[in-house]
Amino acid sequence: MQADPAKTRPASGERVTMIGDAAIEVLASKGSRGLTHRAVDLHLSWPEGTTSRYFRTRDALLTAVVQRLIEVEVSDIDAWRGAAETDGPITRRRIARVLANALRHWVRGRTRQLARYELSLEGLRRPAVHDALIAGRKQLNGIVARALEADGFPAPEAQATLLVSAIDGLCHDYLLHPEIAVDARDVEDMLMRWLDAEHVAPRS
């Protein structure tokens with residue numbers, strides 16, 4: 001059982017992170033309807049009312065979960081992109097490898113992805129959640145677009161959007177419809193072939 005936060009007194013930022021991570025777990029296991037302030041308190045073994053002191057409304061709690069997901073995913077992909085550039089200029093092979101790694105990471109992080117799917121549906125009815133999800137997606141698209149631009153792609157922003165959408169769709173299949181999913185061992189080479197073709201596409 002975790003200690004009472006009032007006694008251990010973790011920093012406010014740490015408690016916000018703990019709430020975000022706990023809410024992700026609750027979303028993935030119980031669905032959107034199961035995510036309440038009380039459910040998060042129970043998951044953390046905190047006194048009832050603790051989570052609501054930080055996020056007063058359901059919209060605020062849901063938005064906090066989105067921001068936590070973005071923080072983790074964007075940080076990871078940006079780190080992989082940076083690592084790919086340490087050995088020299090970015091190349092199409094390195095871009096394909098980073099994206100294939102991102103897919104494997106997303107599939108392994110099943111809990112986070114299931115929570116994200118729940119949040120996507122919530123976003124249809126809650127503009128604040130939708131806006132937060134879109135902001136995170138734009139950050140991911142931007143990371144990929146900068147890598148494509150560095151390698152001379154003719155339309156990096158549009159091409160990055162297509163790539164991230166493809167990876168997202170593959171992740172969806174692996175987690176929810178594995179019977180029809182592409183063999184994971186083929187993904188990097190398939191991405192490479194697409195990148196080679198798009199690199200020589202005419203500029204619009």
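A crossing of two helices is called right-handed if the near helix is turned clockwise from the far one by less than a right angle, and left-handed if it is turned anticlockwise. In this predicted model, helix H8 passes helix H9 in a right-handed crossing. The points below take up that helix pair, then the salt bridges, of which the structure holds 15, and finally some individual residues and their surroundings.

**Packing of H8 and H9**

- Helix H8, which covers residues 127-150, packs with helix H9, residues 156-176, at an angle of about 120°, and the axes of the two helices are 8 Å apart. H8 is therefore oblique to H9, because angles of 65 to 115 degrees count as roughly perpendicular and only those over 145 as roughly antiparallel.
- On the H8 side the contact is made by Arg 137, Leu 140, Asn 141, Val 144, Ala 145, Leu 148 and Glu 149, while the residues that they meet in H9 are Pro 156, Glu 157, Gln 159, Ala 160, Thr 161, Leu 163, Val 164, Ser 165 and Asp 168.
- Sorted by class, this contact of H8 with H9 comprises eight nonpolar, four polar and four charged residues.

**Salt bridges between separate parts of the chain**

- Side chains of opposite charge can pair when their charged atoms come close.
- Asp 21 and Arg 68 are joined through their side chains by a salt bridge with an N to O distance of 2.7 Å. This pair links distant parts of the chain, since Asp 21 belongs to helix H2 (residues 12-30) and Arg 68 to helix H5 (residues 58-85), 47 residues apart. Asp 21 counts as partly exposed because its relative accessibility is 33%, whereas Arg 68, at 16%, counts as buried, the cut-off for buried being under 20%.
- Arg 38 and Glu 48 form a salt bridge in which the closest N and O atoms are 3.6 Å apart. Arg 38 lies in helix H3 and Glu 48 in the loop between H3 and helix H4 (50-54), so the salt bridge ties together parts that are 10 residues apart in sequence. Arg 38 is partly exposed, with a relative accessible area of 48%, and Glu 48 counts as exposed at 62%.
- A salt bridge also connects Asp 196 with Arg 92, with 2.9 Å between the closest N and O atoms. Here too distant parts of the chain are linked, with Asp 196 in helix H10 and Arg 92 in helix H6 (residues 92-108), 104 residues apart. Asp 196 is partly exposed at 34% relative accessible area, and Arg 92 is likewise partly exposed at 24%.
- Arg 58, Asp 59, Glu 122 and Arg 126 are joined into one network by salt bridges that share partners.

**Individual residues and their surroundings**

- Glu 122, a member of that network, is found in helix H7, residues 110-123, and is buried, with a relative accessible area of 7%. Apart from its neighbours within four places in sequence, Glu 122 is in contact with Ser 32, Arg 58, Leu 62 and Val 129.
- In helix H3 (residues 37-44), the buried residues are His 37, Ala 39, Val 40, Asp 41 and Leu 44, and just after this helix Ser 45 takes a positive phi of about 55°.
- Asp 189 lies in helix H10, residues 187-199, and is partly exposed, with a relative accessible area of 41%. The C-alpha atoms of Asp 189 and Arg 97 are 8.9 Å apart in space, although the two residues are 92 residues apart in sequence.

Technical notes: Residues are numbered from 1 along each chain as its sequence is written. This is a predicted model: local features need pLDDT of at least 70, side-chain atom pairs count only at pLDDT 80 or more; totals for chains, interfaces and linings use all residues. Side-chain values use heavy atoms; hydrogens and water are left out. Helices (H or I, at least four residues) and strands (E, at least two) are DSSP runs, numbered from the N terminus. Buried means under 20% relative accessible area, exposed over 50%, partly exposed in between (1.4 Å probe, protein chains only). Contact means heavy atoms within 4.5 Å. Axes are lines fitted to C-alpha atoms, for helices over the stretch in contact, and angles run from 0 to 180 degrees between N-to-C directions. Angles under 35 degrees count as roughly parallel, over 145 as roughly antiparallel, 65 to 115 as roughly perpendicular and the rest as oblique. Ala, Val, Leu, Ile, Met, Phe, Trp, Tyr, Cys and Pro count as nonpolar, Asp, Glu, Lys and Arg as charged, and the others, Gly among them, as polar. A salt bridge is a side-chain nitrogen of Lys or Arg within 4 Å of a carboxyl oxygen of Asp or Glu.
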